[in-house]
Each structure stands twice: as structure tokens, then as C-alpha cells.
Amino acid sequence: MEKLVFYGFNHQHIPPSFIIHPEKRPRKLDHPVVYHNTPIIDLKDCVDGALDRSATIQQIFKAIEEFGFFQLVNDGVHEELMEEAMEVSKEFFEMPVEDRLSLYREDPMHPVRVSSSIVYENEEVHYWRDKLRHLCHPVEEFKHLWPSKPTKYKEVIAAYSVKVRALALKLLELICEGLGLQPDYFNGELSQMQSILINHYPPSPDPSLTLGLPKHIDPNVITILLQGDSYGFQVLKDGEWIDVKPLPNTHLVVLGHQLQIISNEKLKGVEHRVVSTNVPRTTIAMQIHPSMDCVVEPAKEVIDEGNPAKYRSFTYQEFVDSYLTSVIDTQKSTKPFKILA
């Protein structure tokens, strides 16, 4: 249990195993937070069923090319539902320790798991974060396994999961149109698995010495993040870490490794991290994954003689194994699947 930030030690001191190596440390806390003009895309026309979606698709592709992510407004998920999802997520981490410990699991692939680490035994240092992760599609198949406290958790997260899944599939449909793929390319096995990852970042005694999460690209297809109203999410752009301004009730969209591979790097995920702060912070990440036995490869429509496949075929299980073994290192996790020129 000492592997959990909320349980294992006094928050007035940082254990040596959580102190980040000097070359990977974030800036000092008194360094001013500089928010950049990151892309915000209005999905209203697409949600309303507009026939011509070309302008929105162009905005999405421009945002991905320049920043690797974008934020959404008018995306079809009601603000009240977002607020309720954030409320029950915060309530979960405010519950007595004993209630949360009942869901503690070592297995990273367990369908419902409270933990802190990525893969504890593989980490050189550990990260200032606790998390609740569980599968949520189909809702009826997994809902009975979810936390029974807070009392509204199952009801709220079930509704939120369904709405955000619809949003994710709508975004993938738009991306398919931009790539020249069939609109339903990601239906079926490529989007069969869905997980929710609720991250809780406790206040750090010295935020310049810890990280909530290290530099990484998500392993899945696409992530829809509700980051709340607190600073902490950063992306790597042109060799510099930039802060992404948290906007109330706004989803942030991040591409994962699988979308980068399927597009044969026409679209690229952005490396991002989470810095520690001196206030508590909770975020909700909804992630769309292929099924574990799904074969992933560059889509035939995006490769030709002038742009040959950059990756070999593999199962998603193979990729996840590589990702976890490498402790989410971007280069190490993709290296076994790249085709050398």
C-alpha cells in the first residue's frame, strides 16, 4: 500500500523514490505560468448534423499539425453532466482511505483498479498521482464492477461514458473523412474497448521535484480529457513545454499511438506530461482502444509507393506489452513495430 501517494507517507515530505531526475524536472513553482493560444474547435455544426463538415475537418487537421491536440466547445456533452462527472470523481478521492484501498490492484490490466504507478517495478522514479481506472464499454457489462461509493458514481459515470464515446466516434469519423478512409473505419474492433482514467494529483510539498506524469503519448486511439479548472497539463511543442489553459467544461482531445500508426504518421500524437502543483487536481480521461487481439497496421488508403508503410502489423496486446515494459517511453514503445527505411 506504500505504493499509493494518498496512503504511504506524510505529504509534508517527498520520498526519494518520487524525486525526478534533475534533467527532467519542471520549472520552479514561482516561474509564471504562460498559457499559449492553443486551438479551440466549435463542433456545433457537426453535432447538429451539418452536411458540409469540411471547414471543421480542416480546423482539426490544422490543430493536429501545429499542436498535436485541440480543445472542444459545443461538442454535444452537456455541461451539467461534465460537472456531475467531475464532482463524483473528486468525491471518490475524498472518501476514507479504506474505501479506496478495497479497489487497489497490482495488475495493470485489471478491469477496475486503484493504483498510483504505471508499472511500479519498472519505474526508475514514481509519480505524484493516484488513479482509478476501469473499463466502461459496454456499460452493462462492466457497471457492476465499478465503485459503489460515492452513491451516484455508477449512474453519473455510465451516462458520461456513453456521451463521450459518441463524441469520440464522431471525431474519428471526421478524421476518417480527412484521411480519405471510410467513415466507419474505426467502428468495430479498433474502438471496441473503452476505459475511464480518473487521475488525482495531490498537492506536492515541492512541485519542482515531482511530476504527476512523465513525458508520453497515450497508447490508445484517442483520448477525451476533462481537465477541470486547475493548471497542470503541458504539451511539448518545438522542443519547449507549453501550458494548456484549463477551460471550464471543455474537453481536450489528444491523439494516441494507434491513430498515429494507422494514419502512417500523417497525424501525430503529441508528447505531453502533467506537472505537480501545490493544490489538489482531478482530471477525467476517456480513452478509446482497440480490442486486445485486434490487428493494427497503417491503413491501405494512406500508403503507396511514395509513402510506404512505416509500421508492421501487430496486435494491440503486443503494443500494450511493449508500452508498459518501456514505462510509456515514446521511442522504446514503438521501436519494435517500426519498419526501418
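**Cysteines, a four-stranded sheet and two pockets**

The sulfur of Cys-46 lies 14 Å from the closest cysteine sulfur, that of Cys-176, which is too far for a bond. A disulfide is taken here as a pair of cysteine sulfur atoms within 2.5 Å, and a search of the whole structure finds zero of them. Cys-176 is likewise in no disulfide, its nearest cysteine sulfur being that of Cys-294, 13 Å away. Cys-46 is buried, with a relative accessible area of 3%, and Cys-176 is buried at 0%; buried means under 20% relative accessible area, with a 1.4 Å probe and protein chains only.

The model is predicted, so local features need pLDDT of at least 70 and side-chain atom pairs count only at pLDDT 80 or more, while totals for chains, interfaces and linings use all residues. Residues are numbered from 1 along each chain as its sequence is written, and side-chain values use heavy atoms, with hydrogens and water left out.

Turning to the sheet, four strands form an open arrangement in the order β6-β11-β8-β9, with antiparallel pairing. Strands (E, at least two residues) and helices (H or I, at least four) are DSSP runs numbered from the N terminus, and two strands pair if DSSP finds at least two bridges between them. At the edges stand β6 (211–216) and β9 (240–243), each of which pairs on one side only. The twist averages 30° from one strand to the next, with axes fitted to C-alpha atoms and angles running from 0 to 180 degrees between N-to-C directions. Within the sheet, β8 (residues 233–237) and β11 (residues 272–275) are joined in the antiparallel sense over three bridges, and Phe-233 stands opposite Val-274 in β11.

Two pockets complete the picture. A pocket is an open set of points on a 1 Å grid where a 1.4 Å probe fits, with protein on both sides within 12 Å along at least five of seven lines; lining residues have an atom within 4 Å of a point. The largest holds about 580 Å³ of space, the volume being that filled by probe spheres set on the points. Its lining has 21 residues, with Lys-24, Tyr-127, Pro-214, Val-327 and Asp-329 nearest the centre. Both β6 and α10 (330–334) supply at least two residues of this lining.

The second largest pocket holds about 430 Å³. Among its 23 lining residues, Ile-217, Gln-260, Lys-268, Gly-269 and Val-270 are closest to the centre. Here α3 (54–66), β8, α8 (257–262) and α10 each supply at least two residues.

Terms used:
Buried < 20%, exposed > 50% of the residue type's maximum accessible area, 1.4 Å probe, protein only.
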